[in-house]
Amino acid sequence: MPRVSVLIAAYNSGEFLRQTLDSVFAQTYDDWEVVLADDASTDDTVAIASSFGRRVRVVRRTTNSGRPSVTRASALEHAEGELIAFLDADDWWLPEYLERMTAVLDRARAHDLRVAVAACDAWMMLPDGHIAQRTYADEAGVPENLTLDRMLRGNPIYTSALVSKAVIDQAGGLATELTGTDDYDLWIRILELGHRIVATREALAVYRLRSTSLSADTSSMALNIADVYRRALARGRLNTRQRRAAARQLRLQLALAQFERLAAQRRGGAIPVGDALRSLPLFARVGIERAGQIPRAVGEMFGDRRPFAGTLSEDTSLRS
């Protein structure tokens with residue numbers, strides 16, 4: 001039984017998959033398996049995965065779900081490792097990723113058995129193939145101790161984290177009804193149960209930015225993040241302070257989604273006066289709560305198309 005199961009959710013990923021799998025086979029840490037779940041691809045995804053031999057187990061879905069969370073959950077069902085490492089089919093790891101991440105997790109666990117997740121930073125690869133001069137977490141870096149209060153301000157964790165499979169099961173598995181935010185939802189649920197998340201500030205992977213990725217659709221992504229906060233509020237595990245924070249973030253994401261929708265209508269030549277007027281109460285409340293941060297957040301959103309993570313959806317009022 002391998003210690004680490006590398007889970008890859010794939011759909012028509014043939015263009016990038018070979019580089020992704022090559023990066024796993026190049027790891028300096030060798031106690032791993034790959035479970036690749038294919039969401040009924042119509043390209044050569046399965047053929048490429050199968051060409052890597054027996055260390056890559058391919059789980060094939062016969063119908064396309066349209067949700068990476070569903071495909072990732074299919075891979076999780078077949079994972080045999082003690083630890084789970086998520087890896088998107090178009091990203092890749094530096095050779096020391098598994099060696100460094102297992103060491104971070106083991107070192108933290110030696111002092112506190114509640115540690116269940118280890119996270120890292122990642123380099124950003126632009127659509128033109130160049131590596132950006134910033135990382136996923138940007139200048140702020142990944143907090144080395146990610147508390148529930150901090151996670152409710154926004155998700156600074158690059159998807160490719162290392163997590164205990166037993167704790168995933170304890171938390172209820174992956175939320176397959178979510179699209180693009182099932183990892184964020186999982187981290188919050190794990191923290192709600194009293195487990196801890198630790199991180200290294202090292203960039204140990206490469207995150208590929210693509211115009212067709214889920215995170216590029218800012219309006220849909222904001223609505224998906226809003227669903228994470230709705231679920232957290234509905235579970236009833238948050239204290240009063242945390243509920244206020246989640247409710248603020250829920251309103252922020254709804255406002256950003258509505259702002260993007262209105263902006264798209266305006267770019268299409270329409271003047272959505274009625275919709276804009278109906279949105280004013282939400283915009284006004286969020287503007288007051290954010291103390292003028294909405295323009296900066298929206299500027300970042302439209303300026304570099306960065307995914308909704310880290311500082312974009314961070315509520316700095318929780319720092320005090």
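A residue counts as buried when its relative accessible area is under 20%, exposed when over 50%, and partly exposed in between. That cut-off is used at each stop of this tour of a predicted model.

**Overview**

Display the whole chain first. It holds 11 helices and 10 strands, and buried residues make up 58% of its 320 residues. Of the contacts in the chain with a separation of 6 or more, 75% are between residues 24 or more positions apart.

**Stop 1: the inner side of helix α1**

Select Leu-21, which lies in helix α1. Its relative accessibility is 0%, so Leu-21 counts as buried. Show the surrounding residues: beyond those up to four places away in sequence, Leu-21 touches Ile-8, Val-34, Ala-49, Phe-52 and Val-56. A C-alpha to C-alpha distance from Leu-21 to Asp-90 gives 9.6 Å, for two residues 69 apart in sequence.

Next select Val-24, also placed in helix α1. Val-24 has 0% relative accessibility and therefore counts as buried. Outside the residues up to four places away in sequence, Val-24 touches Val-6, Trp-32, Val-34, Leu-87 and Trp-93. The C-alpha atoms of Val-24 and Leu-87 are separated by 9.5 Å, although the two residues are 63 apart along the chain.

**Stop 2: aromatic rings around Phe-25**

A search of the whole structure finds 8 aromatic pairs. Select Phe-25 and Phe-52 for one of them: the pair is tilted, with 5.3 Å centre to centre and 45 degrees between the planes. Phe-25 belongs to helix α1 (residues 14–25) and Phe-52 to the loop between α2 (45–50) and β3 (56–60), so the pair ties together parts that are 27 residues apart in sequence. How do the accessibilities of these two rings' residues compare with the cut-offs? Phe-25 has a relative accessible area of 34% and is partly exposed, whereas Phe-52, at 15%, is buried.

Add Trp-32 to the selection. Ring pairs link Phe-25, Trp-32 and Phe-52 into a cluster. Then display Arg-55, whose charged end sits over the ring of Trp-32 at 3.6 Å from the ring centre.

**Stop 3: Gln-27 and the Trp-93/Tyr-97 pair**

Move to Gln-27, in the loop between α1 and β2 (32–38). Is this residue buried or exposed? With 7% relative accessibility, Gln-27 counts as buried. Its side chain reaches the backbone oxygen of Ser-23 at 2.9 Å. Setting aside neighbours within four places in sequence, the contacts of Gln-27 are Trp-32, Trp-93, Leu-94, Pro-95, Glu-96, Tyr-97 and Leu-98.

Two of the residues in contact with Gln-27, Trp-93 and Tyr-97, merit a selection of their own. Their rings form a stacked aromatic pair, 4.1 Å centre to centre with 15 degrees between the planes. Both Trp-93 and Tyr-97 are buried.

**Stop 4: the nonpolar cores**

Select Phe-86, Trp-187 and Ile-190. These are the residues with the most contacts inside the largest nonpolar core, which has 46 residues. Helix α8 (residues 218–235) gives the most to this core, with 7 residues. Centre the view on Trp-187: leaving out neighbours within four places in sequence, Trp-187 is in contact with Phe-86, Val-117, Met-151, Asn-155, Ile-157, Thr-159, Ala-161, Val-163 and Ile-197. A second, separate core has 40 residues, including Ile-8, Ala-85, Leu-98 and Ala-118.

**Stop 5: helix α7**

Select residues 182–192, helix α7, which is mostly covered: 11 of its 11 residues are buried. Among them are charged and polar side chains to colour separately, including Asp-182, Asp-183, Asp-185, Arg-189 and Glu-192. Trp-187 and Ile-190 of the largest core are also on the list of buried residues in α7. Just after the helix, Gly-194 takes a positive phi of about 95 degrees.

**Stop 6: helix α9**

Finish with residues 240–267. How far apart should the ends of α9 be? At 1.5 Å a residue, its 28 residues should span 40 Å, and the end C-alpha atoms are 41 Å apart, which agrees. At the start of α9, select Asn-239 and Arg-241: a side-chain oxygen of Asn-239 reaches to within 3.1 Å of the backbone nitrogen of Arg-241. Beyond the other end, just after α9, Gly-269 takes a positive phi of about 105 degrees.

Terms used:
Residues numbered from 1 in each chain as written. Predicted model: local features only at pLDDT ≥ 70, side-chain atom pairs only at ≥ 80, totals over all residues. Heavy atoms only, no water. Phe/Tyr/Trp six-rings, centres within 6.5 Å; stacked < 30°, edge-to-face > 60°. Helix = DSSP H or I, 4+ residues; strand = E, 2+ residues; numbered from the N terminus. Buried < 20%, exposed > 50% of the residue type's maximum accessible area, 1.4 Å probe, protein only. Lys NZ or Arg CZ within 6 Å of the ring centre and 35° of its normal. Expected span 1.5 Å × (residues − 1). Polar contact = N/O pair within 3.5 Å; in protein donor to acceptor, adjacent residues only side chain to side chain. Core = buried A, V, L, I, M, F, W, Y, C linked by side-chain atoms within 4.5 Å. Contact = heavy atoms within 4.5 Å.
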